[in-house]
Amino acid sequence: DNIISGQTALGATPADTDEFLVSDAGTIKRVDYSYIKGELNTPYFQMQRTSSNQTTSDGTYTKIQFNSSVLDSDSGVDASTDYDYTVPSGKAGKYLIQTSAFVAKGTGSNAIYYYGLDIRKNNSRVAEAFLDLRNPGNSISDISQQLSQTCTAVLNLSAGDVITSGVEVFTNGNSDIQIKYASHLLTYM
């Protein structure tokens, strides 16, 4: 008869140990469960664009200014100066990074025909998602006034690595582009 006990090693509290005791036909055995219990899953963060649209010029790469920190477990978010995430000391590892941006053409009656969204590590592009809305003959048709897009990557990051995101959007008439904001998740990382 196997019986699992909630007891822990003598003198240890449950938070101090990765073991539990099992009775196997009257013999007490220690079982290490650290490999199955998981980790804390930190750090985690979430930034978003709030309070106003960010304007960029047609065909110009622009770093998104995520000006609000929604979650930041280890104080890596800069939502006021550089608008980026820096991997904290001692927090190297694999990260799932996802960014999304909603863009709209600004003034005039022009349409968006190309939209690129990227993730950058130390200012070098490591992932990109793009939409090219031109027809096969490369001529531009008035297709879209606003688009939303998401880019995702799993990155091996070291302490001090800086993660940013940006857009490059082309219209068929040099319209300004707006990186849109909202109180809900619309443009975020």
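Select Asn-41, Pro-43, Tyr-44, Tyr-95 and Leu-96 first: of the 18 residues that line the largest pocket, these lie nearest its centre. The model on display is a predicted one, and the tour returns to its confidence values after the pocket and the cavity.

**The largest pocket**

With those residues highlighted, display the space they face. The largest pocket holds about 520 Å³. Next, colour strand 4 (45–48) and strand 10 (93–105), each of which contributes at least two residues to the lining of this pocket. Strand 10 provides the largest share of that lining, with 6 residues. If the lining is then coloured by residue class, 10 nonpolar, 5 polar and 3 charged residues appear.

Remain at the pocket and centre the view on Pro-43, one of the lining residues nearest the pocket centre. Pro-43 sits in the loop that runs between helix 1 (34–37) and strand 4. Show the backbone here: the peptide bond from Thr-42 to Pro-43 is cis, and its omega is near 5°.

**Two residues with positive phi**

Follow the chain past strand 4 and select Ser-51, which belongs to the loop between strand 4 and strand 5 (54–56). Phi of Ser-51 is near 80°, a positive value in a residue other than glycine. Is Ser-51 buried or exposed? Its relative accessible area is 58%, so Ser-51 is exposed.

Now select Tyr-83, in the loop between strand 8 (77–78) and strand 9. Here too the backbone has a positive phi in a residue other than glycine, with a value near 55°. The relative accessibility of Tyr-83 is 17%, and therefore Tyr-83 counts as buried.

**The cavity**

Rolling a probe the size of a water molecule over the atoms shows where empty space is left. How many cavities of 30 Å³ or more does the structure hold? There is 1 such cavity, and the volume of the largest cavity is about 50 Å³.

To display its surroundings, select Tyr-61, Tyr-114, Gly-116, Leu-117, Asp-118, Arg-125, Glu-128, Gly-166, Val-167 and Glu-168, which line the largest cavity. Then colour strand 11 (112–121), strand 12 (124–132) and strand 14 (162–171), each of which supplies at least two residues of this lining. Strand 11 gives the most, with 4 residues. By class, the lining of the largest cavity comprises 4 nonpolar, 2 polar and 4 charged residues.

**The whole chain**

Zoom out and switch to a cartoon representation. The chain contains 1 helix and 15 strands. Of its 189 residues, 40% count as buried. Switch on the contacts: among those in the chain with a separation of 6 or more, 64% are between residues 24 or more positions apart. With the surface shown, the accessible area of the chain is about 10,400 Å², and 47% of this belongs to carbon and sulfur atoms.

**Confidence**

Finally, colour by pLDDT. The mean for the chain is 82, and 74% of the residues reach 70 or more. Among the elements of the chain, strand 9 (residues 84–86) has the highest mean pLDDT, 98, and strand 1 (residues 2–4) the lowest, 50. Select residues 7–13 as the last stop: the pLDDT over this stretch is below 50, and in the model the stretch has 10 contacts beyond near neighbours in sequence. Where pLDDT is low, the predicted coordinates should not be read in detail.

Technical notes. Residues numbered from 1 in each chain as written. Predicted model: local features only at pLDDT ≥ 70, side-chain atom pairs only at ≥ 80, totals over all residues. Heavy atoms only, no water. 1 Å grid on protein atoms, 1.4 Å probe; cavity = no way out; pocket = protein on both sides within 12 Å on 5 of 7 lines; lining within 4 Å. Points joined across faces, edges and corners; volume = space filled by probe spheres on them. Nonpolar A, V, L, I, M, F, W, Y, C, P; charged D, E, K, R; others polar. pLDDT = per-residue confidence, 0-100. Contact = heavy atoms within 4.5 Å. Buried < 20%, exposed > 50% of the residue type's maximum accessible area, 1.4 Å probe, protein only. Areas by Shrake-Rupley, 256 points an atom, 1.4 Å probe, with all protein chains shown as cover.
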